[in-house]
Amino acid sequence: MDPHIASVPLDRATRLLNHGPTVLVSARHDGVDNVMAAAWACALDYTPPKLTVVLDKIAKTRELVEQSGMFVIQVPTAAQLDLTYQVGHRSLSSEPEKLSDSGVEFFEMDGHDKPFVAGCSAWLVCKVLSEPHNQQAYDLFIGEIVGAWADTRVFKDGHWHFESADPCWRSLHYIAGGHFYATGDALDVDTGPRG
């Protein structure tokens with residue numbers, strides 16, 4: 001495993017998504033791997049930690065999630081801008097070479113037989129909490145986070161450090177039409193006593 005990847009305690013795992021990044025969702029079932037981009041993902045609960053993500057019915061990744069009951073959420077970086085756009089606009093169903101053509105490389109985490117996208121800044125393994133109505137009506141999936149990791153070059157001591165990390169580590173925020181923003185400068189408020 002990459003020496004920069006460190007486990008994140010599950011009671012801090014939701015911090016990996018609190019800033020609202022575009023994410024990559026990967027899944028594996030019956031020897032098939034896939035990854036897609038998703039703009040609608042967010043933390044949901046702390047104990048146990050949970051998140052939500054919207055997975056459209058046409059996505060091959062959704063089919064793999066439904067079949068396996070598991071998925072991985074990754075936080076891609078500014079260095080992965082093109083990869084993120086490509087996996088969000090290509091379909092494995094019609095393009096069998098989608099992953100290689102998009103530059104996706106997977107790696108494994110000990111104890112988890114899931115496809116983890118290399119080069120991201122954070123990874124969260126999730127078990128699907130079945131909510132058939134929400135999944136069918138709204139494409140909304142709830143995942144219980146069962147494992148979390150982050151790259152220590154940008155996330156350590158339970159916090160993101162975008163302002164001191166190389167700008168290539170900033171997370172992406174998708175707007176529309178191939179237009180993204182990268183996480184910007186830190187702004188802090190005075191948290192001292194108020195009168």
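## Reading a predicted fold

Modeller: Let us start with one residue: Asn-34 is buried, with a relative accessible area of 2%, and the model in which we read this is a predicted one.

Biologist: Why does Asn-34 count as buried, and where is its place?

Modeller: Buried means under 20% relative accessible area, and because Asn-34 has a value of 2%, it falls in that class. The place of Asn-34 is in strand S3. Setting aside the neighbours within four places in sequence, the residues in contact with Asn-34 include Val-25, Ser-26, Ala-27, Thr-61, Leu-64 and Phe-106. With Phe-106 the separation is 72 residues in sequence, while the two C-alpha atoms are 9.8 Å apart in space.

Biologist: Which residues is Ala-148 in contact with, leaving aside its neighbours within four places in sequence?

Modeller: Ala-148, whose place is in strand S10 (residues 140–151), is in contact with Ala-6, Ser-7, Val-8, Leu-10, Ala-13, Leu-16, Trp-123 and Leu-124. Ala-148 counts as buried because its relative accessibility is 2%. Sequence separation should be read together with distance in space: Ala-148 and Leu-172 are 24 residues apart in sequence and 19 Å apart from C-alpha to C-alpha.

Biologist: How should I read a helix, and which residues of H1 are buried?

Modeller: The general idea is that an α-helix has 3.6 residues a turn, so residues three or four places apart point the same way. In H1 the buried residues are Thr-61, Arg-62, Leu-64 and Val-65. They cover an arc of only 160 degrees around the axis, and therefore lie on the same side of H1. Their packing partners are strand S2 (23–29), S3, strand S6 (70–75), strand S9 (122–129), helix H4 (132–138) and S10. Just after H1, Gly-69 takes a positive phi of about 75 degrees.

Biologist: Which residues are buried in H2, and what do they pack against?

Modeller: Leu-83, Thr-84, Gln-86 and Val-87 are buried in H2. Viewed down the axis of H2, these residues fall within an arc of 165 degrees, so they line one face of the helix. They pack against S2, S3, helix H3 (98–101), strand S13 (172–176) and strand S14 (179–182).

Biologist: What is the volume of the largest pocket, and which element gives the most to its lining?

Modeller: The volume of the largest pocket is about 580 Å³. Of the 26 lining residues, the closest to the centre are Met-36, Ala-37, Ala-38, Asp-56 and Gly-88. The elements that give two or more residues to this lining are strand S3 (32–38), helix H1 (60–68) and helix H2 (81–89), and H2 gives the most, with five residues. By chemical class, the lining of the largest pocket divides into 14 nonpolar, seven polar and five charged residues.

Biologist: How do the residues of the lining of the second largest pocket divide?

Modeller: The second largest pocket, with about 180 Å³ of space, has a lining of three nonpolar, five polar and two charged residues. Among the residues of this lining are Arg-15, His-19, Trp-160, Phe-162 and Glu-163.

Biologist: How many aromatic pairs does the structure hold?

Modeller: There are six aromatic pairs, and each is read from the distance between ring centres and the angle between planes. Phe-107 and Phe-116 form a tilted pair, 5.7 Å centre to centre with 40 degrees between the planes. Phe-116 and Trp-149 form an edge-to-face pair, at 5.6 Å and 90 degrees. This second pair links distant parts of the chain, with Phe-116 in strand S8 (residues 112–117) and Trp-149 in strand S10, 33 residues apart. Phe-116 is buried, with a relative accessible area of 0%, and Phe-107 is buried as well, at 18%. Together, Phe-107, Phe-116, Trp-123 and Trp-149 form one aromatic cluster.

Biologist: Backbone angles remain. Is Asp-30 buried or exposed, and is Asp-139 buried or exposed?

Modeller: Asp-30, in the loop between S2 and S3, counts as exposed because its relative accessibility is 71%, whereas Asp-139, in the loop between H4 and S10, counts as buried at 14%. Neither is a glycine, yet phi is positive in each: about 50 degrees for Asp-30, and near 60 degrees for Asp-139. For omega, look at the peptide bond from Thr-47 to Pro-48, which is cis, with a value near -10 degrees. Pro-48 is found in the loop between strand S4 (41–46) and strand S5 (49–54).

Methods
Residues numbered from 1 in each chain as written. Predicted model: local features only at pLDDT ≥ 70, side-chain atom pairs only at ≥ 80, totals over all residues. Heavy atoms only, no water. 1 Å grid on protein atoms, 1.4 Å probe; cavity = no way out; pocket = protein on both sides within 12 Å on 5 of 7 lines; lining within 4 Å. Points joined across faces, edges and corners; volume = space filled by probe spheres on them. Helix = DSSP H or I, 4+ residues; strand = E, 2+ residues; numbered from the N terminus. Nonpolar A, V, L, I, M, F, W, Y, C, P; charged D, E, K, R; others polar. Buried < 20%, exposed > 50% of the residue type's maximum accessible area, 1.4 Å probe, protein only. Contact = heavy atoms within 4.5 Å. Arc of directions from axis to C-beta. Phe/Tyr/Trp six-rings, centres within 6.5 Å; stacked < 30°, edge-to-face > 60°.
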